[in-house]
Amino acid sequence: MKDFPRCDATAAWAALGGHFEAHGRDLDLREAFARDPARFERFAFEAPELFCDLSKNRLDAATLHFLVDLARECGVEAQRDAMLAGEAINLTEGRAVLHTALRAPPGTAPFSDEVQATRETMLAFAEAVRARAEGGARPLRHVVNIGIGGSDLGPQMAVAALAPFAHPQLALHFVSNVDGHDIASVLGRVAPAETLFIVASKTFTTQETMANAATAKAWFLAGGGSDVAAHFVAATTNVEAAARFGITRTFGFRDWVGGRYSLWSSIGLPIAIAVGAAGFRELLAGAHAMDEHFARTPVEKNLPILLGLLDVWYRNFHGYTSRSVAPYHHGLKRLPAYLQQLEMESNGKRVDREGRELAYATSPVVWGEPGTNGQHAYFQMLHQGSETIPVEFILVKESDAQAGGDSAVREALARQQRMLLANGLAQSQALMLGRSTAEALAEQPQAPAGAAISAATLAAHRTFPGNRPSTTLVLERLTPRSLGALIALYEHRVFTAGAVWGIDSFDQWGVELGKGLGNALLARLEESGAAAGPLDGSTAGLLARLRP
């Protein structure tokens with residue numbers, strides 16, 4: 001892949017810096033809307049399956065112009081094309097990055113024949129599992145996915161999001177934490193004869209996953225199970241290790257499938273079992289539609305690229321250190337956790353692709369909680385805290401919530417959907433508008449009777465600075481297709497920011513150091529290995545405290 005200049009050495013970066021000092025730092029959203037009645041239309045963007053409102057962000061036409069220039073100077077389009085073509089853009093591991101090939105139509109992407117064959121084998125098995133849930137001599141009622149990281153977060157998030165489309169007779173469970181309380185809580189609710197275990201690990205050596213798999217196998221055998229091969233399958237590339245475990249049915253994938261991008265591969269088996277082959281294909285189709293938008297739409301209208309550039313603007317010029325994601329749909333309750341890995345594991349890097357230390361910040365902290373729960377928790381800080389934190393609202397226009405056929409219940413649920421949407425809109429409006437001290441005084445000119453506080457002091461507590469930025473994404477419905485498009489949007493957004501920053505967004509060496517030290521400390525805790533050198537005082541003291 002061609003080398004491109006460091007982003008902070010480009011003319012566009014310098015122009016953005018000058019623009020920030022002259023206009024961007026003090027841009028007031030309330031004044032911007034007053035000056036431009038068409039601001040909403042000017043900063044509204046469409047992409048497959050979703051609509052995006054960027055008008056409540058602290059940017060103007062000049063900001064977007066300079067950001068687009070930055071993308072071009074940093075070669076975002078060329079880097080995108082290299083990824084889609086299968087070039088080895090993961091430089092530190094010498095690998096291609098081809099999760100987009102997993103959702104491409106036949107014959108349109110690298111490794112197409114292999115991808116199609118693997119997928120069809122997996123989907124046929126998913127349909128067979130679903131058929132067993134219908135009854136018969138050996139009915140299945142539970143599927144337990146054992147994985148961690150991308151082998152857990154993606155499938156778990158998608159299965160929760162698509163619950164209205166899931167098989168009614170199958171319960172999907174997810175185990176990831178090496179803490180035994182996690183798997184014990186699941187095993188206490190299932191029976192060996194009615195349960196299928198999926199062990200999801202590319203190498204079949206992941207410590208947490210294999211510990212949980214071993215516990216599940218011991219539980220299965222102790223509970224009267226005898227045919228491990230009939231109740232355990234694996235999504236892995238290490239067929240030999242799986243066979244030694246007793247698993248004969250495996251579903252593989254290539255090393256160009258990164259963990260946090262793997263739900264489109266055999267790692268997505270739990271999703272396919274939940275929503276069926278047709279639903280899984282719709283998930284892929286939605287993602288592919290976003291891939292096409294990302295690949296073919298000019299930068300000025302390319303939503304993933306624009307969102308990635310906005311992240312650079314906020315992180316490097318405004319200095320915002322985090323971003324909150326607030327999905328106003330209960331099905332998206334695991335989306336913030338999924339996005340934490342996607343963004344922070346991808347772009348939480350301190351050196352560029354050449355190993356040179358960066359002079360600028362990269363990934364923000366990504367965090368969140370579904371609305372309206374978050375409103376009664378951390379939104380206090382968003383509105384009145386000492387830091388400005390951009391917020392991402394995700395609204396879903398139509399609800400699939402059902403609770404029987406009674407018309408009064410249906411109307412009650414419909415009203416709750418309207419309440420949910422009104423709350424989402426109100427929060428973004430409140431963040432932008434705020435409330436001045438004068439307005440607070442006018443609304444409550446006197447302190448409550450008996451309160452030892454003046455009206456002016458109370459008004460200060462009830463003042464909201466406003467001018468706090470937010471983005472709103474709108475989906476018509478949460479379906480397999482729209483979920484696929486939403487996830488792909490975030491994938492390409494993360495890619496864009498990483499491409500501008502000049503980092504390798506597809507390795508994760510920061511995960512490895514702790515793993516190695518953990519294995520060494522486990523040996524010391526178990527006293528099964530010789531001490532390998534001295535420990536620091538804190539770790540030695542804590543180890544002594546924790547040793548049985």
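# Exercises on pockets, cavities and packing

The largest pocket is lined by 40 residues, and those nearest its centre are Thr206, Gly259, Gln508, Glu512 and Lys515. The model is predicted: local features need pLDDT of at least 70, side-chain atom pairs count only at pLDDT 80 or more, and totals for chains, interfaces and linings use all residues. Residues are numbered from 1 along each chain as its sequence is written, and side-chain values use heavy atoms, without hydrogens and water.

## Exercise 1. The largest pocket

Task: state the volume of the largest pocket and find which elements line it.

Solution.
- Start with the term. On a 1 Å grid over the protein atoms alone, a pocket is an open set of points with protein on both sides within 12 Å along at least five of seven lines; a cavity is a set where a 1.4 Å probe fits but cannot get out; lining residues have an atom within 4 Å of a point.
- Take the volume. A volume is the space filled by probe spheres set on the points, with grid points joined across faces, edges and corners. For the largest pocket this gives about 1000 Å³.
- List the elements. Helices (H or I, at least four residues) and strands (E, at least two) are DSSP runs, numbered from the N terminus. Two or more lining residues come from each of helix H7 (150-161), helix H9 (207-222), helix H14 (335-347) and helix H20 (512-526).
- Pick the main contributor. H20 gives the largest share, five residues.
- Sort by class. Ala, Val, Leu, Ile, Met, Phe, Trp, Tyr, Cys and Pro count as nonpolar, Asp, Glu, Lys and Arg as charged, and the others, Gly among them, as polar. The lining has 12 nonpolar, 19 polar and nine charged residues.

## Exercise 2. The second largest pocket

Task: describe the second largest pocket by volume, centre and lining.

Solution.
- The volume is about 590 Å³.
- The lining has 22 residues; His329, His330, Gly331, Ala401 and Leu420 lie nearest the centre.
- H7 and helix H16 (407-433) are the elements that give two or more residues to this lining.
- H16 supplies the largest share, six residues.
- By class, nine residues are nonpolar, 11 polar and two charged.

## Exercise 3. The sheet and its helices

Task: give the strand order of the open five-stranded sheet, then place H7 and H8 on it.

Solution.
- Two strands pair if DSSP finds at least two bridges between them.
- The order is S4-S3-S5-S6-S7, and the pairing is parallel.
- Strand S4 (171-175) and strand S7 (250-251) are the edges, each pairing on one side only.
- Inspect one pair. Strand S5 (residues 195-200) and strand S6 (residues 232-235) run parallel, joined by four bridges. Ile198 has Val233 in S6 as its bridge partner.
- Place the helices. Axes are lines fitted to C-alpha atoms, for helices over the stretch in contact, and angles run from 0 to 180 degrees between N-to-C directions. H7 lies across strand S3 (142-146), S4 and S5, at about 150° to S4. Helix H8 (residues 180-187) packs on the sheet and touches S3, S4 and S5, at about 165° to S4.

## Exercise 4. Two helix pairs with H13

Task: classify the crossings of H13 with H4 and with H12.

Solution.
- Set the scale. Angles under 35 degrees count as roughly parallel, over 145 as roughly antiparallel, 65 to 115 as roughly perpendicular and the rest as oblique.
- Read the first pair. The axes of helix H4 (residues 61-73) and helix H13 (residues 303-318) come within 10 Å and cross at roughly 105°. H4 and H13 are therefore roughly perpendicular.
- Find the contact (heavy atoms within 4.5 Å). Thr63, Leu64, Leu67, Val68, Leu70 and Ala71 of H4 meet Leu306, Leu309, Val312 and Trp313 of H13. Nine of these residues are nonpolar, one is polar and none is charged.
- Read the second pair. The axes of helix H12 (residues 269-296) and H13 come within 7 Å, crossing at roughly 70°. So H12 is roughly perpendicular to H13.
- Met290, His293 and Phe294 of H12 make the contact with Leu303, Pro304 and Ile305 of H13.

## Exercise 5. Closed space

Task: count the cavities of 30 Å³ or more and describe the largest cavity.

Solution.
- There are three such cavities of 30 Å³ or more.
- The largest cavity holds about 80 Å³.
- It is lined by 11 residues; Gln79, Arg353, Phe495, Ile503 and Phe506 are the closest to its centre.
- Helix H19 (residues 480-501) gives the most to this lining, three residues.
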